[in-house]
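The following exercises concern strand pairing and salt bridges. Each task is followed by a worked solution.

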Amino acid sequence: MIKEIFFDKWTEIFDKNNLPIFYNADYLQALAKSFNIKLKYYAFIEDSNVLFATAIFTSKNQIVIPEYFSYNPYWFNLELSERKRVLIQKDFIKVIKSQYWKIKIKFNIDVLDIRPYVWEGFDINVRYTYLKSVDDTSSHSIIQKKLKRVKKSDLKINVCSPSDQSILENVTFLRKLNYSFSQLEKYKVFLNLLRNNGLVLGFEIFYSNQLVGSSIVLIDKNNLTGFTLIANPVSEQYKY
């Protein structure tokens with residue numbers, strides 16, 4: 001049956017199963033602290049085996065999406081049958097419906113079957129995340145030409161822990177996307193916590209020792225994947 005678990009058990013599940021960054025306890029704690037929400041962890045355990053685990057973000061009597069980038073961790077044991085997965089999801093839906101009057105969940109990209117939510121009357125909004133595999137031949141020839149041009153210019157790119165200036169410029173950029181001032185403060189705290197926990201890298205572009213562009217990338221070390229959190233031109237005289 002579905003039951004609530006706690007931090008230590010969640011960390012154990014994460015460590016044993018080599019799960020993506022969105023399951024990382026430090027990442028989830030940073031979300032909770034920055035956006036003033038609570039975290040609850042649930043699992044389906046049978047004969048001491050964890051078959052399903054998920055984390056939800058709660059505020060008052062609601063399950064919420066705290067910000068627009070993160071996914072709810074939602075993991076199944078790979079050996080489960082389709083029928084078993086459906087039964088577990090039905091069990092989980094029954095639990096959360098009994099505790100919360102409003103529910104919003106953003107599924108991570110490996111969740112392919114959400115039929116139980118459709119059957120239970122949830123509204124489904126399909127979004128897409130594009131992943132590109134990177135190898136020695138993946139860059140387009142036009143990109144290669146631009147990189148060669150950059151090497152001959154005064155532009156320099158530093159890959160490092162994001163600087164205070166980089167975080168500030170990226171948070172300020174969100175204002176242009178109509179984020180409120182209170183949201184900006186939350187993202188500032190969030191990015192600083194991610195940096196302090198070593199979960200992000202900054203790709204900072206300098207021209208004549210001045211920061212002209214910056215990208216902050218969430219690093220999934222377990223899966224060798226990078227997710228762009230924010231990328232923007234600090235100076236509008238340069239192309240995006």
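**Exercise 1.** Which residue in S9 does Phe203 stand opposite?

*Solution.* The model is predicted: local features need pLDDT of at least 70, side-chain atom pairs count only at pLDDT 80 or more, and totals for chains, interfaces and linings use all residues. Residues are numbered from 1 along each chain as its sequence is written, and side-chain values use heavy atoms, with hydrogens and water left out.

Step 1. Locate the strands, which are DSSP runs of E with at least two residues, as helices are runs of H or I with at least four, numbered from the N terminus. Strand S8 covers residues 200-207 and strand S9 residues 210-220; they run antiparallel, joined by eight bridges. Two strands pair if DSSP finds at least two bridges between them.

Step 2. Read the partner: Ser215 in S9 faces Phe203.

Step 3. Place the pair in its sheet, which is open, has four strands in the order S7-S8-S9-S10, and pairs antiparallel. Strands S7 (155-160) and S10 (225-233) form the edges, each pairing on one side only.

**Exercise 2.** Describe the salt bridge between Arg195 and Asp164.

*Solution.* Step 1. Apply the criterion: a side-chain nitrogen of Lys or Arg within 4 Å of a carboxyl oxygen of Asp or Glu. The side chains of Arg195 and Asp164 meet at 2.8 Å, N to O.

Step 2. Because Arg195 lies in helix H7 (residues 181-196) and Asp164 in helix H6 (residues 164-176), the pair ties together parts 31 residues apart in sequence.

Step 3. Classify exposure (buried under 20% relative accessible area, exposed over 50%, partly exposed in between; 1.4 Å probe, protein chains only). Arg195, at 17%, is buried, whereas Asp164, at 55%, is exposed.
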